[in-house]
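Work through the exercises below with the sequence and the 3D structure at hand. Each task is followed by a solution in steps.

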Amino acid sequence: FRICHPQRGIRWINLRSSPMFSDKNELLGHVATADDLTEWKQADDKLRRYAGRLATLHEIDRDILYTRSSALSAQSALMRIRQLVQCQWGCVAQFILKSRKAEVLATYGPGKSTIEAGTILPMKEFELGKRAEEVQGRFQWVEEVSSLPQRSLVVQLLQAERLDACLSVPLVARERVVGVLTLAASSPETYTAENLEIAREEADSLALVIQHAGLREQVQADCKQLEIMSRRLVQSHEEERRHIAGELHDEIGQGLTALKSNLQGMAREAPVRIVNPRLQ
């Protein structure tokens with residue numbers, strides 16, 4: 001049975017009852033025993049949740065190895081996080097530090113959001129009072145989003161949806177902030193200590209996904225650049241060969257023809273015994 005104790009909260013009780021009969025088969029009463037299984041139930045639930053967390057981390061690690069798109073990996077990870085942390089809105093954004101921009105890789109939430117996957121926004125639109133780079137791996141936890149000034153686009157969206165509890169976790173890879181994971185719920189009670197730990201673990205995995213995807217994209221860009229340079233080198237060699245062939249045909253060929261003509265003329269005019277053998 002699941003009961004609510006006035007002082008001790010929710011309790012799980014295992015109740016056993018056995019009837020007592022007389023020699024004449026008359027019901028005399030019952031013998032009942034009650035065992036408090038709350039601690040066992042809590043330990044079992046915690047173990048199940050921990051097993052689910054390990055399974056989720058395993059799936060995200062598999063995405064790191066096999067998925068070549070950071071957007072697909074982020075969307076898959078966000079859906080798994082949603083199963084573990086019951087929140088109503090979530091977003092994964094990748095930072096482009098040189099241009100101070102952020103690309104939305106994945107998002108979910110009620111209705112049509114103004115922040116959708118593929119959108120490019122200024123990094124400041126994801127601030128919750130502090131810049132994500134300044135948080136440096138720590139949580140940015142806001143229990144009353146409604147009390148924040150409507151500065152960033154994320155704050156405006158959460159206030160419009162009446163999501164008053166928000167958690168922002170920077171995605172840090174090699175001591176460098178590469179993005180941000182933002183989760184929002186209608187009640188602060190959603191974010192227990194366990195859920196905060198889950199969010200941080202998933203943020204670490206997402207940071208690796210983004211970093212690996214960035215490395216793959218850089219390698220692909222370098223390979224493409226190398227291919228372009230190779231084509232230009234081959235083209236340059238061909239142009240040089242044509243230039244040399246033209247010079248051989250036009251200048252050197254004409255010079256040899258003129259030299260032969262002059263030598264033949266000299267052979268006809270010079271004394272045969274003295275010069276002609278050398279001219280031949």
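The exercises cover the overall make-up, the cysteines and a surface patch.

This is a predicted model, in which local features need pLDDT of at least 70 and side-chain atom pairs count only at pLDDT 80 or more, while totals for chains, interfaces and linings use all residues. Residues are numbered from 1 along each chain as its sequence is written, and side-chain values use heavy atoms, with hydrogens and water left out.

**Exercise 1.** State how many helices and strands the protein has, and what share of its residues is buried.

Step 1. Helices (H or I, at least four residues) and strands (E, at least two) are DSSP runs, numbered from the N terminus. The protein has 6 helices and 9 strands.

Step 2. Buried means under 20% relative accessible area, exposed over 50%, and partly exposed in between (1.4 Å probe, protein chains only). Of the 280 residues, 32% count as buried.

**Exercise 2.** Find the number of disulfides, and decide whether C87 and C166 are buried or exposed.

Step 1. A disulfide is a pair of cysteine sulfur atoms within 2.5 Å. The count by this rule is 0.

Step 2. For C87, the nearest cysteine sulfur is that of C166, 9.6 Å away.

Step 3. C87 counts as buried because its relative accessibility is 5%. C166 is also buried, with a relative accessible area of 1%.

**Exercise 3.** Locate L263 and give its exposure class.

Step 1. L263 lies in helix α5, which spans residues 193-269.

Step 2. L263 counts as partly exposed because its relative accessibility is 32%.
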